[in-house]
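Work through these exercises with the sequence and the model side by side. Each task is followed by a stepwise solution.

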Amino acid sequence: MSQPRPVQFSANALAAMRAEAARAYPNEGCGGLLGPVETDVREAIPLPNAETDKPRVRFTVSPADYLAVEDEADARGLRLLGFWHSHPDHPARPSETDRLYAWEGLLTVVI
């Protein structure tokens with residue numbers, strides 16, 4: 001089995017995630033991760049949390065927002081690498097729900 005390769009985040013991507021997580025508080029914030037290759041996140045694009053039932057502890061990316069962030073990546077000459085979301089007032093570790101619903105082949109980052 002091969003070892004996972006470390007993922008690098010640009011300072012701008014990290015700052016964008018922090019800013020959107022703070023803006024969304026007390027709900028979970030979320031967004032897309034863009035970059036040229038799976039180990040190089042250059043941009044974090046904020047997305048609305050479409051979760052209507054439990055937005056404090058869940059996030060949902062709508063199909064339209066998923067397609068829009070893919071289009072945004074294409075327009076910038078990048079790829080959609082995955083998604084990030086925040087855990088307000090909880091550790092930045094994937095929950096059981098996060099593991100269950102993670103998109104295969106895409107990064108899932110929790111802050």
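**Exercise 1. The core**

Which residues make up the largest nonpolar core?

Solution. First, the ground rules. This is a predicted model, where local features need pLDDT of at least 70, side-chain atom pairs count only at pLDDT 80 or more, and totals for chains, interfaces and linings use all residues. Residues are numbered from 1 along each chain as its sequence is written, and side-chain values use heavy atoms, with hydrogens and water left out.

Step 1. Fix the terms. A nonpolar core is a set of buried Ala, Val, Leu, Ile, Met, Phe, Trp, Tyr and Cys residues joined through side-chain atoms within 4.5 Å. Buried means under 20% relative accessible area, exposed means over 50%, and partly exposed lies in between (1.4 Å probe, protein chains only).

Step 2. List the members. The largest nonpolar core has 10 residues: Cys30, Leu34, Ile45, Leu47, Val61, Val69, Ala73, Leu78, Leu80 and Phe83.

Step 3. Assign them to elements. Helices (H or I, at least four residues) and strands (E, at least two) are DSSP runs, numbered from the N terminus. At least two core residues come from each of β2 (30-35), β4 (43-47), α2 (63-75) and β5 (79-85).

Step 4. Look beyond this core. Another core lies apart from it and has nine residues, including Met17, Ala21, Val41 and Ala44.

**Exercise 2. Helix α2**

Find the buried side of α2 and what it packs against.

Solution. Step 1. Check the length. The expected span of a helix is 1.5 Å times one less than its number of residues. For the 13 residues of α2 that gives 18 Å, and the end C-alpha atoms are 18 Å apart, which agrees.

Step 2. Pick out the buried residues. They are Asp65, Val69 and Ala73. These residues cover an arc of only 80° around the axis, so they sit on the same side of α2. The arc is that of the directions from the helix axis to the C-beta atoms.

Step 3. Recall the helix geometry. An α-helix has 3.6 residues a turn, so residues three or four places apart point the same way.

Step 4. Turn to the opposite face. Pro63, Ala64, Leu67, Asp71, Asp74 and Ala75 are exposed there.

Step 5. Name the partners. The buried residues of α2 pack against β2, β4 and β5. Just after the helix, Gly77 takes a positive phi of about 70°.

**Exercise 3. Helix α1**

Which residues of α1 are buried?

Solution. Step 1. Check the length again. Helix α1 (residues 11-24) has 14 residues and should span 20 Å at 1.5 Å a residue; its end C-alpha atoms are 20 Å apart, which agrees.

Step 2. Sort the faces. Ala13, Met17, Glu20, Ala21 and Ala24 are buried. They fall within an arc of 100° seen down the axis, so they line one face of the helix. On the other side, Ala11, Asn12, Arg18, Ala22 and Arg23 are exposed.

Step 3. Name the partners. The buried residues of α1 pack against β1 (8-9), β2, β3 (40-41), β4 and β5.

**Exercise 4. The loop after α1**

Where is Asn27, and which residues does it contact outside its sequence neighbourhood?

Solution. Step 1. Place it. Asn27 is in the loop between α1 and β2. Pro26 is found in that loop too. The peptide bond from Tyr25 to Pro26 is cis, with omega near 15°.

Step 2. Classify it. Asn27 has a relative accessible area of 28%, so it is partly exposed.

Step 3. Find the contacts (heavy atoms within 4.5 Å). Leaving aside neighbours within four places in sequence, Asn27 touches Pro55, Arg56, Ser86 and Pro88. Asn27 and Pro88 are 61 residues apart along the chain, yet their C-alpha atoms are separated by 6.7 Å.

**Exercise 5. Two exposed residues**

Is Asp89 buried or exposed?

Solution. Step 1. Asp89 is found in the loop between β5 and α3. Its relative accessible area is 54%, so Asp89 is exposed. Asp89 has a positive phi of about 60° although it is not a glycine.

Step 2. Now take Arg5, in the segment before β1. Arg5 counts as exposed because its relative accessibility is 55%. Leaving aside neighbours within four places in sequence, Arg5 contacts Glu38 and Thr39. The C-alpha atoms of Arg5 and Thr39 are separated by 7.0 Å.
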